[in-house]
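Me: I'd like to walk through this model with you, one question at a time. Could you show me the structure before we start?

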Amino acid sequence: MNRISLLLILAACGSQSASARLQKTESGSTAGIPIDSANLGRLLDSAMTQGMARDNIPGAAFILVKNGRVVLARGFGYADLESRRAWGPERTIFPIASITKVFTATAVMQLVDEGQIQLDGDVNRYLTSVQVPPTYPQPVTPAHLLSHTAGFDEIPGRQAASPREVIPLGRFLRNRLVRVHRPGELTGYSSYGAALAGLLVQDVSGLSFEDFLQRHIWRPLGMTRTSLRRPEAKDSAFATAYQLEDGKPHAIPYEVYHTPPTAAIVSTLADMARFMASHLHNGRRGTTRILSDTAAEKMHRQYVTMHPRVPGWTLGFQVNYLNGRRIIEHGGDIGGFSSLMTLLPDEGVGFLVVHHLEGGNLRFDIRQLILDRYFPDSIRPQPPRAQPASSEALRRFEGKYRPTIYCHSCRGSGPDFGEFEVTANEDGSISLWDERWFEVSPRYFVSADGRSRIGFAEDSAGRIFALTAGSWRVLERVH
């Protein structure tokens, strides 16, 4: 099974037991304890050591900020195996992959702040390098781009062979903005939407994407080691990228993309702490402000979801609810690395986990471990109290579903992201991902163990056309 499909299943099924594999006794408390560097360090030392050994991960790093201050920044293992170079919070540079999209969204919100664009305006009014084709009468807006509801197809081929072969963004996108859904109809994690948002920043500001970020985000926040640079050769400032071959880590080149606003930023733990702190304080860090309160609050608020009881997207962040807490976050996967940035706005806490090997689950295990230790859920999962439903009534949900990120216009649907089947059972449940789910309110289902939720979306005619397990974990019905 390919990486994205596997992650989709794990996330949708709510891997609540993941942290139990890492120091279960540490997270068994029913009341949180204060976060300090000593107890957090002990927790992470044990958990990271176990998780890295289990998954053959060469190196990892972690940083947590609270109320604008770094509580703990620590590296584990090695940034480079050959030299046995440790991972330094201030020193070691690594790719943040798709967390780049949060920077892109922040840049767009800065333009909104300055009155240069409107969130609900037609992007074609602002774009000069390319125009969105008029496939549908409804225009694509900046809000659609940031909430992954623009309806663009996810066409393969964004990766470049080397930095010298990267095509200018406007030219690359010119014939690749293929619209397959009406804007606002369906959330589909969209690299092309994020890329167009970055081009919007360039066209409106007159600056390159990197220059805009440098002037308006990185420099004001003191992010001095953040850029779009890739190591040309062995560079001791950068963590080496690794993938497993025959169960052993082997060094691989850094990936390069024609779409820098989607995944090109490299940074350090210390720089990312500054960025997290600014978002946790509505765009402020000390006396520096990168967003107004109004723009930051608008960016952090849930903008769209496929079901009102299942978390969706803000304007740039994925929404999640874990241990009864509202979380906004974004993950990143790129050749050699996995990362996850998690913010708890109500608690003033943010943390980032990065480790070697693309598509790894250690970052999610660590996230749950932190939540269980410091923000435990006092309510234990309860099996659902199902509403009486016949298998006949549940047949409206039956069918095959496919992740929305597949290429609709490719011959053979492009890369195989798998199809998943929903079936109705005689006991009043439906089956999906080897789980039984019970409907507890219209189109809203809870797993038999009470740990996971999914919701279904219906159109104006009452036809089911998608299901969601939250934010990017959306599947559309295959007809």
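**The disulfide and its surroundings**

Reply: Happy to! In this predicted model, a disulfide joins Cys 407 to Cys 410, with the sulfurs 2.0 Å apart.

Me: How many disulfides does the structure hold?
Reply: The pair to count is Cys 407 and Cys 410, joined S to S at 2.0 Å. The number of disulfides in the structure is 1.

Me: Is the disulfide of Cys 407 and Cys 410 right-handed or left-handed?
Reply: The torsion about the S-S bond is the thing to look at here. For Cys 407 and Cys 410 that torsion is about 85°, so the disulfide is right-handed.

Me: Is Cys 407 buried or exposed?
Reply: Buried means under 20% relative accessible area. Cys 407 has 0% relative accessibility, so Cys 407 counts as buried.

**Salt bridges**

Me: Which residue forms a salt bridge with Arg 402?
Reply: Side chains of opposite charge can pair when their charged atoms come close. Arg 402 sits in strand 16 (residues 399-403). In its salt bridge, the closest N and O atoms are 2.2 Å apart, and the partner is Glu 419.

Me: Where is Glu 419, and how many residues apart are Arg 402 and Glu 419?
Reply: Arg 402 and Glu 419 form a salt bridge, and this pair links distant parts of the chain. Glu 419 lies in the loop between strand 16 and strand 17 (420-424), and the two are apart by 17 residues.

Me: Is Arg 402 buried or exposed?
Reply: The cut-off for buried is under 20% relative accessible area. Its salt-bridge partner, Glu 419, is at 34% and so counts as partly exposed. Arg 402 is at 14% relative accessibility, so Arg 402 counts as buried.

Me: What is the N to O distance in the salt bridge of Asp 427 and Arg 436?
Reply: Asp 427 is at 44% relative accessibility and therefore counts as partly exposed. Arg 436, at 37%, counts as partly exposed too. Their side chains meet in a salt bridge with an N to O distance of 2.5 Å.

**A glutamate in strand 13**

Me: Is Glu 329 buried or exposed?
Reply: Glu 329 belongs to strand 13 (residues 325-334). Beyond its neighbours within four places in sequence, Glu 329 is in contact with several residues, including Phe 317, Leu 340, Met 341 and Arg 367. Its relative accessibility is 4%, so Glu 329 counts as buried.

Me: Which side chains make polar contacts with the side chain of Glu 329?
Reply: Asn 320 and Thr 342 are both among the residues in contact with Glu 329. One polar contact, of 3.0 Å, joins the side chains of Glu 329 and Asn 320. Another, at 3.2 Å, joins the side chain of Glu 329 to that of Thr 342.

**The sheet**

Me: Which strands stand at the edges of the open sheet?
Reply: This sheet has 7 strands, paired antiparallel in the order 3-2-1-15-14-13-12. An edge strand has a single partner strand, so one side of it is left without a neighbour in the sheet. The edges are strand 3 (85-86) and strand 12 (318-322).

Me: Which residue in strand 2 stands opposite Ile 63?
Reply: Strand 1 (residues 59-66) and strand 2 (residues 69-80) pair in the antiparallel sense over 8 bridges. Opposite Ile 63 in strand 2 stands Ala 73.

Me: At what angle to strand 1 does helix 9 run?
Reply: Helix 9 (residues 269-280) lies across strand 1, strand 2, strand 14 (337-344) and strand 15 (349-356). Relative to strand 1, helix 9 runs at about 35°.

Terms used. Residues are numbered from 1 along each chain as its sequence is written. This is a predicted model: local features need pLDDT of at least 70, side-chain atom pairs count only at pLDDT 80 or more; totals for chains, interfaces and linings use all residues. Side-chain values use heavy atoms; hydrogens and water are left out. Helices (H or I, at least four residues) and strands (E, at least two) are DSSP runs, numbered from the N terminus. Buried means under 20% relative accessible area, exposed over 50%, partly exposed in between (1.4 Å probe, protein chains only). Contact means heavy atoms within 4.5 Å. A polar contact is a pair of N or O atoms within 3.5 Å; within protein, one must be able to donate a hydrogen and the other to accept it, and residues adjacent in sequence count only if both atoms are side-chain atoms. A disulfide is a pair of cysteine sulfur atoms within 2.5 Å. A salt bridge is a side-chain nitrogen of Lys or Arg within 4 Å of a carboxyl oxygen of Asp or Glu. Two strands pair if DSSP finds at least two bridges between them. Axes are lines fitted to C-alpha atoms, for helices over the stretch in contact, and angles run from 0 to 180 degrees between N-to-C directions.
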